[in-house]
Amino acid sequence: PGTSNVPVLSVVLTNTGTTAVNFTSLTVSDNGTGTSSGISGINLLNNGNPIAGPVAFAGSSATFSGLSVNIPGSGSVTLQVNANFSNAATAGTYQFSVSNGAGTNGQAVNFIGLPSTGATVSIAFATATSTSTPTNSVTPTSTWTPTPSATPINNKPVIYPNPSDGT
């Protein structure tokens with residue numbers, strides 16, 4: 001959500017005739033599980049240059065109309081559709097395709113290969129996970145340590161009263 005200019009579809013239009021064709025409209029459909037209302041608009045590029053948009057979806061389709069893309073005889077153009085996802089885009093998949101196109105060379109032009117399927121964009125929201133983080137701490141503990149002293153040690157038993165001197 002909240003991402004703009006995501007490339008979702010690229011289509012090469014080839015004119016197999018010898019007369020130039022003026023491409024006038026392109027309809028893009030979204031058939032995924034995400035709601036099209038989460039797409040704030042789509043933009044159309046011709047050979048990498050922006051030529052139309054943003055166009056909003058009405059239901060599951062959006063149409064670029066009023067185009068004037070010249071396809072010379074025996075030539076081709078590459079059209080790319082970029083999508084803008086709003087912050088309100090729902091989790092799910094967004095499956096883009098070209099469902100219709102129109103053009104003229106003085107008479108109606110037929111387009112073969114429609115619909116043409118593009119990218120599937122998946123939106124998933126992060127889930128909170130707990131992480132255990134150990135904390136190192138020091139706890140003081142009493143330990144008995146004998147301390148030597150310079151006091152002489154007398155290993156003779158002392159008996160009271162002292163039988164040798166009567167004390």
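Good morning. I begin with a term: a cavity is a set of grid points where a 1.4 Å probe fits but cannot get out, and a residue belongs to its lining when it has an atom within 4 Å of a point. Please keep in mind that the structure before you is a predicted model.

Let me turn to the interior space. When the whole structure is searched, one cavity of 30 Å³ or more is found. The largest cavity holds about 30 Å³ of space. Which residues line the largest cavity? They are Leu13, Phe23, Leu26, Val98, Asn100, Gly101, Phe111 and Leu114. In character, this lining consists of six nonpolar residues and two polar ones, with no charged residue.

We may also ask which strands each supply at least two residues of this lining. Strand S2, residues 21-30, and strand S8, residues 92-104, both do so. The largest share, three residues, is contributed by S8.

Strand S8 leads me to my second topic, the aromatic rings. The structure has three aromatic pairs. One aromatic pair is formed by Phe85 and Phe96, in an edge-to-face arrangement, with 6.5 Å centre to centre and 75° between the planes. Phe85 belongs to strand S7, residues 76-85, while Phe96 belongs to strand S8, so the pair ties together parts that are eleven residues apart in sequence.

Are these two residues, Phe85 and Phe96, buried or exposed? Both Phe85 and Phe96 are buried. They also take part in a wider grouping: together with Phe57 and Tyr94, they form one aromatic cluster.

To close, I would direct your attention to strand S8, which supplies three residues of the cavity lining and also carries Phe96 of the aromatic pair. Thank you.

Note on methods:
Residues numbered from 1 in each chain as written. Predicted model: local features only at pLDDT ≥ 70, side-chain atom pairs only at ≥ 80, totals over all residues. Heavy atoms only, no water. 1 Å grid on protein atoms, 1.4 Å probe; cavity = no way out; pocket = protein on both sides within 12 Å on 5 of 7 lines; lining within 4 Å. Points joined across faces, edges and corners; volume = space filled by probe spheres on them. Helix = DSSP H or I, 4+ residues; strand = E, 2+ residues; numbered from the N terminus. Nonpolar A, V, L, I, M, F, W, Y, C, P; charged D, E, K, R; others polar. Phe/Tyr/Trp six-rings, centres within 6.5 Å; stacked < 30°, edge-to-face > 60°. Buried < 20%, exposed > 50% of the residue type's maximum accessible area, 1.4 Å probe, protein only.
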